[in-house]
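Open the model in your viewer and keep the selection panel at hand. The stops below go one selection at a time.

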Amino acid sequence: MEYDHEGPQVPTARGPLSEAVGAHLLGTGPLPSPEAVAAAPVYGDDLQLALYQCYELHYRGFAGVRPDLEWDPGLLGVRAGLERRFLSALRADTPVHGSVADAVGALLVEPVHGEGVSHFLRDEGEWWQLREYAAQRSLYHLKEADPHAWVLPRLWGRAKAAMAAVEFDEYGGGRADRVHARLFADLMTDLDLDTAYGAHLDAASAECLATVNMMSLFGLHRSLRGALVGHFAAVEITSSPGSRRLAEAMRRTGAGPAAEHFYDEHVEADAVHEQIVRHEVIDGLLEQEPHLAADVVFGIDATGYLEERLGTRLLADWRAGRSSLRTPLPATHRVREEIPHIS
């Protein structure tokens, strides 16, 4: 019987759902019941980790887990139940704009006095907070662009060509040393973080898990291809200004050249990607499938909703002087010379 030897370990359970899913992956216990799926808080640690475990089988899997469990009927049934609860909650809780133009227009407006995570890290973030932010974001960035690649077979024409062009850039334009996941691993090295894929899964918050689970949910379902395009648009349109602030945070704290380069790269690349996504991916999709407009709006706004939840959690913890992680990072002994921020 074949088992995966690479990949992260099955994560530590956060409740009965994730414990049962983890036990099934390892062949040591039954799957959770539908009643257990229905009882767990939708945005809580247990349900979000259980769903993340299911989705990870479609990426690199877990060490000691059989690869064929990716298509295990019982596990897929549990995943479907988790997905229904998550998607229903997102549809119920996300305030949505009235049109694609309104949703995209809102993304293009930068508030004069921003109060988000990137503003905080740029202006007053400390070394330990930058490390925590990178550890949380590593759940996505170490597989950057992979969830979005699922949509390519579901598109055609202008939308497909433009989406493929952006993805090609994300994967380094054919150069392994420029793949964005590789660049983020280099950033993590500058921040004295473990760069192994999935190394920070146990430490990441439920709010962070939810942002990555949403990408997988949208990407793995053809019926949600419009939502995936909306989500991708939200990421690309907001990335450039946010990355500029994070690059400044890395420079101010003396994080290192690779840490600065990752965000500098996104300032430039995503400014171009924004135009492609707006005018070719979205417009191309809706030219062929205008009935998906509401799904595009939902994808944009659901992304904003979950990112706001994550930002609120991070800032509340940091401003209270406590860690945003479930488990602390190993101490770093490198000294950073902080450079004062100049507005």
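Start with Trp150. Its relative accessibility is 28%, so Trp150 counts as partly exposed; the buried class ends at 20%.

Now add Tyr59. At 17% relative accessibility, Tyr59 falls under the 20% cut-off and so counts as buried.

Keep both on screen. This is a predicted model, and a search of the whole structure finds 6 aromatic pairs in it. Tyr59 and Trp150 form one of them, with an edge-to-face arrangement. The ring centres are 6.2 Å apart and the planes make an angle of 70 degrees.

Which loops hold the two rings? Tyr59 lies in the loop between helix H3 (45-56) and helix H4 (73-93). Trp150 lies in the loop between helix H8 (146-149) and helix H9 (157-170). The two are 91 residues apart in sequence, so the pair ties together separate parts of the chain.

Next, select Phe184 and Phe262. They too form an edge-to-face aromatic pair. Here the centre-to-centre value is 5.0 Å and the planes are 75 degrees apart. Colour the helices: Phe184 belongs to helix H10 (residues 180-190), and Phe262 to helix H13 (residues 257-288). This pair links distant parts of the chain, 78 residues apart.

Are these two rings buried or exposed? Phe184 has 0% relative accessibility, so it counts as buried. Phe262 is buried as well, with a relative accessible area of 1%. Add Tyr263 to the selection: ring pairs link Phe184, Phe262 and Tyr263 into a cluster.

Two charged side chains come next. Select Arg60 with Tyr197: Arg60 lies over the face of the Tyr197 ring, 3.9 Å from the ring centre. Then select Arg91 with Phe298. Arg91 lies over the face of Phe298, at 4.4 Å from the ring centre.

Move to helix H11, residues 206-220. Helix H11 has 15 residues. From first C-alpha to last it reaches 21 Å, close to the 21 Å expected at 1.5 Å a residue. Switch on a surface: H11 is mostly covered, and 15 of its 15 residues are buried.

Finish by colouring on confidence. The protein chain averages a pLDDT of 93, and 95% of the residues score at least 70. Where does the pLDDT drop below 50? Select residues 339-343. Beyond near neighbours in sequence, this stretch has 7 contacts in the model.

How values were computed: Residues are numbered from 1 along each chain as its sequence is written. This is a predicted model: local features need pLDDT of at least 70, side-chain atom pairs count only at pLDDT 80 or more; totals for chains, interfaces and linings use all residues. Side-chain values use heavy atoms; hydrogens and water are left out. Helices (H or I, at least four residues) and strands (E, at least two) are DSSP runs, numbered from the N terminus. The expected span of a helix is 1.5 Å times one less than its number of residues. Buried means under 20% relative accessible area, exposed over 50%, partly exposed in between (1.4 Å probe, protein chains only). Rings of Phe, Tyr and Trp (its six-membered ring) pair if their centres lie within 6.5 Å; planes under 30 degrees apart count as stacked, over 60 as edge-to-face and the rest as tilted. A charge sits over a ring if NZ of Lys or CZ of Arg is within 6 Å of the ring centre and within 35 degrees of the ring normal. pLDDT is the predictor's confidence in each residue, from 0 to 100. Contact means heavy atoms within 4.5 Å.
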